[in-house]
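Let's take a walk through a protein fold together. Keep the structure turned towards you and follow along as we go.

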Amino acid sequence: MILDVKLATFRRFMEAYQSIHCIGSATLSMALVATGSADAYTEYGIHCWDMCAGAVIVAESGGVVADPQGGTFRIMSRGVLVAATKELMEQTAARVQHIHFEPDVDI
């Protein structure tokens, strides 16, 4: 089920964007957005310790940090979307299919 949802989202990205890079590290992927080397990054199922440093780096660089649906980012929610601009964040969020994961703690 989760794999099917992720593959469907990946397909929508492939149809809309020029290229997709899968680095393997959430913080490194978010740092690429912060430096302008990537336009956006999104992931579900990761934990707060995977996202916290990258979220700060993107926010401090002037990028946008949100949940994968484009809403308010919550560090314990197990999902993140970062983008260079609000417009890119909204475009990316529109292509992401939601996957529910239990939060790291009750939030």
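At roughly what angle do the axes of helix α2 and helix α3 cross? Before we get to that, one thing to keep in mind: this is a predicted model. Now look at α2, which covers residues 26–35, and α3, which covers residues 48–61: their axes come within 8 Å and cross at roughly 5°. Angles under 35 degrees count as roughly parallel, so α2 is roughly parallel to α3.

What do these two helices touch each other with? From α2 come A26, T27, M30, A31 and A34, and they meet D50, M51, A53, G54, A55, I57, V58 and S61 of α3. Sort the residues of this contact by type and you get nine nonpolar, three polar and one charged. There's a handy bit of background here: an α-helix has 3.6 residues a turn, so residues three or four places apart point the same way.

Next, find the sheet. It's an open one with three strands in the order β1-β3-β2, and the pairing is antiparallel. That puts β1 and β2 at the edges with a single partner strand each, so one side of each has no neighbour in the sheet. On average, neighbouring strands here are turned by 10° against each other, if you ignore direction. In general, strands of a sheet pair through backbone hydrogen bonds, either parallel or antiparallel.

Let's see how the strands line up. Strand β1 (residues 40–44) is joined to β3 by five bridges, and E43 stands opposite V80 of β3. On the other side, β2 (residues 64–66) pairs with β3 over three bridges, also in the antiparallel sense. You can spot two of the partners by eye: V65 goes with V82, and A66 goes with L81.

Is β3 buried or exposed? Buried counts as under 20% relative accessible area, and five of the five residues of β3 (residues 79–83) are buried, so the strand is largely enclosed by the rest of the structure. G79, L81 and A83 point one way from β3, while V80 and V82 point the other way.

Now bring α2 back into view and see how helix and sheet fit together. Helix α2 is in contact with β1 and β3, and among its own residues A26, S29, M30, A31 and V33 are buried. What covers those buried residues includes β1, α3 and β3. Just after α2 comes G36, and its phi is positive, near 90°.

Follow the chain to the loop between β2 and β3, and you'll find R78. At 13% relative accessibility, R78 counts as buried. Its side chain reaches the backbone oxygen of I46 at 3.2 Å. Leaving aside neighbours within four places in sequence, R78 is also in contact with a list of residues including E43, Y44, H47, M51, F101 and D104. You've met two of these already: E43 is the residue opposite V80, and M51 belongs to the α3 side of the contact between the two helices.

For a last stop, go to helix α4 (residues 86–95) and pick out Q91. With 40% relative accessibility, Q91 counts as partly exposed. Q91 and A16 are 75 residues apart in sequence, yet their C-alpha atoms are 9.7 Å apart in space.

Key:
Residues are numbered from 1 along each chain as its sequence is written. This is a predicted model: local features need pLDDT of at least 70, side-chain atom pairs count only at pLDDT 80 or more; totals for chains, interfaces and linings use all residues. Side-chain values use heavy atoms; hydrogens and water are left out. Helices (H or I, at least four residues) and strands (E, at least two) are DSSP runs, numbered from the N terminus. Buried means under 20% relative accessible area, exposed over 50%, partly exposed in between (1.4 Å probe, protein chains only). Two strands pair if DSSP finds at least two bridges between them. Axes are lines fitted to C-alpha atoms, for helices over the stretch in contact, and angles run from 0 to 180 degrees between N-to-C directions. Angles under 35 degrees count as roughly parallel, over 145 as roughly antiparallel, 65 to 115 as roughly perpendicular and the rest as oblique. Contact means heavy atoms within 4.5 Å. Ala, Val, Leu, Ile, Met, Phe, Trp, Tyr, Cys and Pro count as nonpolar, Asp, Glu, Lys and Arg as charged, and the others, Gly among them, as polar. A polar contact is a pair of N or O atoms within 3.5 Å; within protein, one must be able to donate a hydrogen and the other to accept it, and residues adjacent in sequence count only if both atoms are side-chain atoms.
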